[in-house]
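Work through the exercises below with the structure open beside you. Try each task before you read its solution.

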Amino acid sequence: MKLVRFLLPLGLAAAVSTVSAASKKQELNLFGWSEYVPQAVIDGFTAETGIRVNFETYASNEELLSKLVAGGGAYDLVQPSDYAAEVMIRQKLLAPLDLSQLTNLKNIDPSFLKRPHDPEGRYTVPYMAGTVGIVVNTDVIKTPIKGYRDVFQPAHQGRIVVLNDNRELVTWALYTLGLPINTINAEALAKVRPVLADWVQRVKVFDSDSPKTALLNGDVDLGIVWSGEAAILWNQDKKFQYVIPAEGAHQFIDVLAIPAAAKNKENAHKFINYILRPQVSKLVSADFPYTNPNLEARKLLSPEELANPASYPPAGKLETFRDIGRAAGDIDRLVTDLKSGL
Ligand code: SPD
């Protein structure tokens, strides 16, 4: 009897540890941009694989970077923009991908692969791409809006929404001043300061999650937003016109990547390969109409989706961001100061 009582807990312990190992395997901790991954895609993945997805969101690359560094192995899959992935690769925060598990990678347009942030294509897979541009409610704004300066005119005081993103704000000022956007030093930031000081006090709403909302509600008349947000506005009402700023605009490629400390790397590979399926990627485009780098998925899009001028804009002066090292901190300090009126 005594022996039985001794053995039972041991057997139970073994059973519990087998169950917890199994349930651990059936999890994926996804940390992604807000308003970017459709719930239907996550649900479809879980239904097919039995892998439960814990989904947490962020609204800037800087938030992702700080939580990734602080969070250890909390995340299995992240969704940085190109330049943030470049930072993560430099800091050895990403695991090399096992390309043999990514059989659907062939669907991606080769022009989106092996870009400067990941020149050998070892760490990242393109998710969606886009631009940052101007949206104008043409029912209200009757003057031509071609560039950043046109947006921040005194006439539009308190009628503007912009992304709540420090690097973006500084970039718009750099473009306006004719300065390079990826070589950022104290001299450049000193020139940016008075321009941005003027601009930030004209802004009514800073919002990176859903800048479209203030435009839809009529709280503002124009803004500088992610192209996918502008595409949704255009789908709702053609009065919302998208403009690539004449001075130059930021083009981004947001990617999927697996943190070096991830505990469920196999599940992360499965999710990436699932997203790369044309039918799944098409669902992403339907909800979040950014530029889809998946050529097979693009074949499934409607002529209306492909004709959306924010999703697939005409060529302009477009540049990607690069890792700017310590200058990222200087940018954050500058914009925080200016927003608090310093
Ligand atoms: N709501 C999704 C927004 C995605 C924006 N990604 C681009 C960031 C470039 N800094």
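The exercises cover the domains, their interface, the salt bridges and the ligand site.

This is a predicted model, where local features need pLDDT of at least 70, side-chain atom pairs count only at pLDDT 80 or more, and totals for chains, interfaces and linings use all residues. Residues are numbered from 1 along each chain as its sequence is written, and side-chain values use heavy atoms, without hydrogens and water.

**Exercise 1. Find the two domains and describe their contact.**

Step 1. Mark domain 1 at 26-129 + 254-306. Mark domain 2 at 130-251 + 314-340. These bounds come from an automatic or database domain assignment.

Step 2. Take the centres over C-alpha atoms: they are 26 Å apart.

Step 3. List the residues in contact (heavy atoms within 4.5 Å). Domain 1 gives 18 residues and domain 2 gives 21.

Step 4. Find the buried area, which is the accessible area (1.4 Å probe) that two parts lose on being put together, summed over both. The value is about 1,600 Å², and carbon and sulfur atoms give 49% of it. On the domain 1 side, Tyr83, Pro289 and Tyr290 supply 31% of the area buried against domain 2, more than any other three residues.

**Exercise 2. Look for salt bridges.**

Step 1. Apply the rule: a side-chain nitrogen of Lys or Arg within 4 Å of a carboxyl oxygen of Asp or Glu. The structure holds 15 such pairs.

Step 2. Inspect Asp323 and Arg90, whose side chains form a salt bridge at 2.6 Å, N to O. Asp323 sits in the loop between β10 (318-319) and α14 (327-339), and Arg90 in helix α4, so the pair ties together parts 233 residues apart in sequence. Helices (H or I, at least four residues) and strands (E, at least two) are DSSP runs, numbered from the N terminus.

Step 3. Turn to the interface of domain 1 and domain 2: three salt bridges cross it.

Step 4. Check Lys212 and Glu35, a salt bridge with its closest N and O atoms 2.9 Å apart.

**Exercise 3. Which residues come nearest to the ligand?**

Step 1. Collect the residues with a heavy atom within 4 Å of the ligand. There are 13, and Ser34, Glu35, Ser81, Glu168 and Asp254 come nearest.

Step 2. Check distances to a ligand nitrogen atom. For a polar side-chain atom of Asp254, the distance is 2.7 Å. For a polar side-chain atom of Glu168, it is 3.2 Å. Glu35 uses a polar backbone atom, at 3.4 Å.

Terms used
Polar contact = N/O pair within 3.5 Å; in protein donor to acceptor, adjacent residues only side chain to side chain.
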